Amino acid sequence: MENTENASELLDDNEIVTKKKSTIGIHIFYIVLILLLMGGMSYLFKQNKQVTETLHICDTSKNNLSVEREQMIHSLDSMAEQLKLAKTSNGELSEDIKAKLAEISALKGRINSQRVNLDSLSTYKREIESVRKVTIHYLTQIDSLNRSNLQLIDKNKELSTKVDEQLKVDVEKTKQLEDLSTKVEKASVMKAGGIVSIGINSKSKPVTKAKKVVKVKTSFTIMENSVIDAGQKMVYMRIIRADGACLTADETNTFKYENATIIYTEKTEVDYQNKDLDVTIYYNATDDITPGTYTIQLFCDGKTIGQSQLTFDK
């Protein structure tokens, strides 16, 4: 009986031990499962963080590429604008600039139309840098040409000013020479002064009535002039009526005056030695003396040397 009871108690202890072992195993399973879950969650968290960081890097790279694209487009636009604004009269250089503008436009089109990545970005940057160097070279040439042109313009202005000044001097000298020539020409002409004309009757007395006049006497002095050549001179006198007719004893009495042949009334030859010379010319009047005012003109060497007027009454 006692053995039976002992055996029963032993069985109960075994069951208890077995149950305890089973419970411990379950606990261990859950612990392992929990640890596995925690490890998986940690892995997933890390993966998610890496993905997030990767996406952030991709977004940043994409934004950077977009910024780089805009900067390249802006740089190309700036270079094109500088080339357009540059002015040059050099035909060959102008053609080069047109070609470079076309190249810039083509490069800009490629950047806008194609997808930009790191590799293409480096290629575009190299091309843009090459374009920039050529653009700077062209702008430097144009600036040098413009400065040279400005220097030439300044020199031309300076030369033009000097030419104008010289022309003014030449004009002034020409005027002075013309004035001198005029003075010499005037100085080389004889002048008759103290011209007095009167009518004389048959008794050699002065008269004023036209019907009593038998002679017209004109006295004058040829003035001293050292410029005129000395020697024999022919002096011509013309007596002009109020109607313009020249009194003369012979219609063949003519002489040259200002490229024309005109009638004279009377003439006399004198020996002029550059000193004052008193001269008297007589005209034997006929019945052509009528009342009125007459003009007495004197000529020598084809020039007018003096004149006066004479009036006869009825």
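**Stop 1: Lys233 and Asp301**

Select Lys233 and Asp301 in this predicted model. The two form a salt bridge, with 3.4 Å between the closest N and O atoms. Lys233 sits in strand S4, while Asp301 sits in the loop between S10 and S11, so the pair links parts that are 68 residues apart in sequence. Is Lys233 buried or exposed? Lys233 is buried, at a relative accessible area of 10%. The cut-off for buried is under 20%.

Stay on Asp301 and check its backbone. Its phi is positive, about 55°, although Asp301 is not a glycine. The flanking strands of its loop are S10 (292-300) and S11 (303-312).

**Stop 2: Cys300 and the other cysteine**

Step back to Cys300. Its relative accessibility is 3%, so Cys300 counts as buried. Then pick Cys246, which is buried too, with a relative accessible area of 18%. How many disulfides does a search of the whole structure find? Zero.

**Stop 3: Gln297**

Move along strand S10 to Gln297. Gln297 counts as buried, at 19% relative accessibility. Now show its contacts, leaving out neighbours within four places in sequence. You should find Tyr236, Met237, Arg238, Ile240, Gly306 and Gln307.

**Stop 4: the largest nonpolar core**

Next, colour the largest nonpolar core, a set of 28 residues. Which members touch the most other members? Select Val216, Phe220, Ile222, Val235, Ile239, Ile289 and Phe312. Several strands give two or more residues to this core: S1, S3 (215-222), S4 (231-240), S8 (266-272), S9 (277-284), S10 and S11. S10 supplies the largest share, four residues. As background, nonpolar side chains tend to be buried together in soluble globular proteins.

Zoom in on Ile222. Set aside its neighbours within four places in sequence. Ile222 is then in contact with Met190, Lys191, Ala192, Val235, Val270, Tyr272, Lys275, Asp276, Leu277 and Val279. Apart from the largest core lies another core, of 13 residues. To find that second core, select Ile73, Leu83, Ile104 and Val131, which are among its members.

**Stop 5: Glu224 and Lys275**

Return to Lys275, one of the contacts of Ile222. Add Glu224 to the selection. Glu224 and Lys275 form a salt bridge, with closest N and O atoms 4.0 Å apart. Where do the partners lie? Glu224 is in the loop between S3 and S4, and Lys275 is in the loop between S8 and S9, so this bridge ties together parts that are 51 residues apart in sequence. Both residues are exposed.

**Stop 6: Ser204**

Go to the loop between strand S1 (192-200) and strand S2 (206-207), and select Ser204. Ser204 has a positive phi of about 65° although it is not a glycine. Buried or exposed? Ser204 is exposed, with a relative accessible area of 59%.

**Stop 7: helix H3**

Switch to helix H3, residues 118-187. Pick Lys162 and Glu158. Their closest N and O atoms are 3.5 Å apart, and the two form a salt bridge. Lys162 and Glu158 are four residues apart in the helix, which means a separation of about one helical turn. Both ends are partly exposed: Lys162 at 47% relative accessibility, Glu158 at a relative accessible area of 43%. A search of the whole structure finds four salt bridges.

**Stop 8: the surface patch**

Now show the surface and select Ile26, Phe29, Tyr30, Ile31, Leu33, Ile34, Leu35, Leu37 and Met38. These residues form a nonpolar patch, with about 910 Å² of accessible area together. One of them, Leu37, lies in helix H1, residues 2-85.

**Stop 9: the whole chain**

Zoom out and colour by secondary structure. There are three helices and 11 strands. From the N terminus, the order is α-α-α-β-β-β-β-β-β-β-β-β-β-β. Then colour by accessibility. Of the 314 residues, 26% are buried. The accessible surface is about 22,100 Å², with 54% belonging to carbon and sulfur atoms.

Finish with a contact map. Take the contacts with a separation of 6 or more: residues 24 or more positions apart account for 69% of them.

Notes
Residues numbered from 1 in each chain as written. Predicted model: local features only at pLDDT ≥ 70, side-chain atom pairs only at ≥ 80, totals over all residues. Heavy atoms only, no water. Buried < 20%, exposed > 50% of the residue type's maximum accessible area, 1.4 Å probe, protein only. Contact = heavy atoms within 4.5 Å. Areas by Shrake-Rupley, 256 points an atom, 1.4 Å probe, with all protein chains shown as cover. Core = buried A, V, L, I, M, F, W, Y, C linked by side-chain atoms within 4.5 Å. Patch = residues over 30% accessible without salt bridge, like charges linked within 9 Å, V, L, I, M, F, W, Y side chains within 5 Å. Salt bridge = Lys/Arg side-chain N within 4 Å of Asp/Glu carboxyl O. Disulfide = S-S within 2.5 Å.
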